[in-house]
Amino acid sequence: MPRMKIALALLWIVLSLLGALAMAQVAGFVHPEEKVNGLWLVVAAACMYVLAYRFYGRWIAGQILGLNNQHVTPAVRLNDGVNFHPTNKVVLFGHHFAAIAGAGPLLGPVLAAQFGFLPGFLWLVIGAVLAGAVQDFIILVASMRRNGRSLPEIAHDELGSITGTATAIAVLFIVVVALAGLGFAVVNALYHNAWGTFTIAMTIPIGFIMGLYLQKFRPGAVAEVSVLGVVLLIAAVLFGRVVAQSSYGWLFEFDQAALIWLLAGYGFLASVLPGWMLLVPRGYLSTFMKLGVVFLLGFGVILMAPTIEMPRVTIFAGGGGPIIPGTLFPFLFITIACGAISGFHSLVSSGTTPKMIEQESQAVVGYAAMLLESFVGVMALIAAAVLIPGDYLAINTTLGSDALAAMGFAPARIAELSQLVEVDVAGRPGGAVSLAVGMASIFSGLPGMSGLMAYWYQFALVFEALFILTTIDTGTRVARYLIQEMAGRAYAPFRRMNWLPGVLLSSGLVVGAWAYLIGTGSISTIWPMFGAANQLLGMLALCIGTTVLIKMWKSSYLWVTALPMLFVGMITLTGSYEMFWMFLKKAGTLAAGQAVALYLDAVLVALVAVLGMIVLSDSIRQWYGYVVLKKPFTSSEVVVRAGGGAAGRMQTAIHRNEEKGFKLPHGTGCC
């Protein structure tokens, strides 16, 4: 046993030294005049994640949250075989990662590469370790110990109706704006791209086939449907080129307006149809793609060791960038959006996952899955940064070569890249196309893959589309639920989630909202709005996490959630302030009809700031009362030990008692 401890100690020391060396290479402390190798970014990030999970994550699990397998989880106590059911820990991790890993960590880091690769890399890694993973983990445990209640419900129970209402509005806002930002990337990747449009269109019937096969023909035949889905997907990629070059190719060449309508139609359809028919099989197929492609990309970076062409920090750090016009602070953090901290994750951590945990110790998936998503963001950043900066900007902006050359970033290979992938990639902002080109460049450099860059490019687009469309269909349905819940307070039938008029009306409102934003906005307006809204929700989740720690009698550890909350709050409010005036200034230079969309954007950004200030002020007021003034408080936490009484969906009140510490109401059946 002592030898094992010594070996483990040596392993941690070696990983620490290796990670420090790799980080020094990335930051330019070693050979600053040389371009860094992409391999160093992978090594630095991997070492950081392993060390953070082993030490910081386990410390939070044991010292702060006190995970205890003697506590009976809601999945066991409330097992109904539908919503609550104990799940194998490997399957649980796969489910949670697939649910949180949308397109944000793919597109955000690519767009943030405008500022240089170093600031984005540092925020992806450090932000995920200290903020994003902490938020996901603590909210997951908080929900698990409250019978799997949702974030708005937890906010209402623990912080009152003011913060609870702000949470509900923020959740609806972020979902709609997120769908607009992700949909914008899809539209820009597919317009006048028959090959990509055909391939991605085919994933819809493939999803139907998989759903019907598993639901009607061969229930439980997961392996068979997996093979079927992968084979059909590969066939769609290969056959897509044949279709694009045939006389029928024009049938799949659409302009941007037509693609917006088609995307809106898909979102509406996916929101209305039964989940098993389209949502579940598409999500299942995307899980294979997500993990497989990310690890394949990592293998390619390790094997090829590509040179990072993007500077560590560009001249756009001071503002005036052609993709994101703001300064590095706060717009880098807002642009990264999901890879470091994502408020959207708190919806998953208080959604399905807490209802599936068999033992409390398995809740560490909340910390681990966020680290894996951050790694996805790092790989996306590398794929974008291996492109020559001028080519990267030529893809992500609509500026001409002369304008980019005047900035000092002349395109070098943009015509060659377009020829290699058989699509004109210039002037396709949104991040999706530049990411696909970067991934294809790495994949085509693998042994035996030369000459296949066009196939890798379309495969990368399909990979991204599965991320994005899974988020669009799931997000549209989530927003539809929120609207039905809110409308149900005024008209009771809306509360019935299967009431057809309510389903159709609420789905139409959601789809219409995000389609309007796509049609009237640009990546420089939509994506910062999404980032600000997402960070707002992250700040709100950390607010709730801070309150949870207070009510767990862990006030001495409030810095774990309060410090990242304050930083994210500062980002959100500063970014919202700058965007508000930026939108108003730009609207003042346009005609009245064109300015309406920008004025609407300004109003939405102001709403974000107001929600943030309401949540912060109301939370701080309550914390002051609990921690400083020693006011009594109640908690909705439910803890049931093995062999004890079942708590059901009971609310457990915990009051301060100066003499005895805790005082539980009579008849709770707890502890």
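Start by selecting helix α13, residues 328-336. Its buried residues are Leu328, Pro330, Phe331, Leu332, Phe333, Ile334, Thr335 and Ile336. Buried here means under 20% relative accessible area, with exposed over 50% and partly exposed in between (1.4 Å probe, protein chains only). Eight of the nine residues in α13 are buried, so this helix is largely enclosed by the rest of the structure. Step on to Ala337, which follows α13 and has a positive phi, near 60 degrees.

A word on what you have open: this is a predicted model, where local features need pLDDT of at least 70 and side-chain atom pairs count only at pLDDT 80 or more, while totals for chains, interfaces and linings use all residues. Residues are numbered from 1 along each chain as its sequence is written, and side-chain values use heavy atoms, leaving out hydrogens and water.

Next, pick α16, residues 389-396. Is this helix enclosed or not? Eight of its eight residues are buried, so α16 is largely enclosed by the rest of the structure. Those residues are Pro389, Gly390, Asp391, Tyr392, Leu393, Ala394, Ile395 and Asn396. To see what covers them, show α5 (104-112), α15, α17 (401-407), α18 (414-421) and α19 (432-444), which are included in the cover. Contact, on this tour, means heavy atoms within 4.5 Å.

Keep α15 on screen (residues 365-385) and add α4 (residues 89-100). Two packed helices are described by the angle between their axes and the distance between the axes. For α4 and α15, the axes come within 9 Å and cross at roughly 50 degrees. That makes α4 oblique to α15. The axes are lines fitted to C-alpha atoms, for helices over the stretch in contact, and angles run from 0 to 180 degrees between N-to-C directions. Under 35 degrees counts as roughly parallel, over 145 as roughly antiparallel, 65 to 115 as roughly perpendicular, and the rest as oblique. The crossing of α4 and α15 is right-handed (the near helix is turned clockwise from the far one by less than a right angle; anticlockwise would be left-handed).

Now show the side chains: Leu92, Phe93, His96, Phe97 and Ile100 of α4 touch Val365, Gly366, Ala368, Ala369, Met370, Leu372, Glu373 and Val376 of α15. By class, that contact has ten nonpolar, two polar and one charged residues. Ala, Val, Leu, Ile, Met, Phe, Trp, Tyr, Cys and Pro count as nonpolar, Asp, Glu, Lys and Arg as charged, and the others, Gly among them, as polar.

Jump to α1 (residues 2-27) and α2 (residues 38-64), whose axes come within 8 Å and cross at roughly 140 degrees. α1 is oblique to α2, and their crossing is left-handed. Among the residues to highlight are Trp12, Leu15 and Leu18 in α1, and Trp40, Leu41 and Val43 in α2. The contact has 15 nonpolar, three polar and one charged residues.

For a change, go to Ser247, in the loop between α10 (222-244) and α11 (256-272). Buried or exposed? Ser247 is exposed, with a relative accessible area of 57%. Draw a distance from its C-alpha to that of Ala436, 189 residues apart along the chain, and it comes to 26 Å.

Finally, zoom out. The protein chain has 24 helices and two strands; these are DSSP runs numbered from the N terminus, helices being H or I of at least four residues and strands E of at least two. Of its 671 residues, 57% count as buried.
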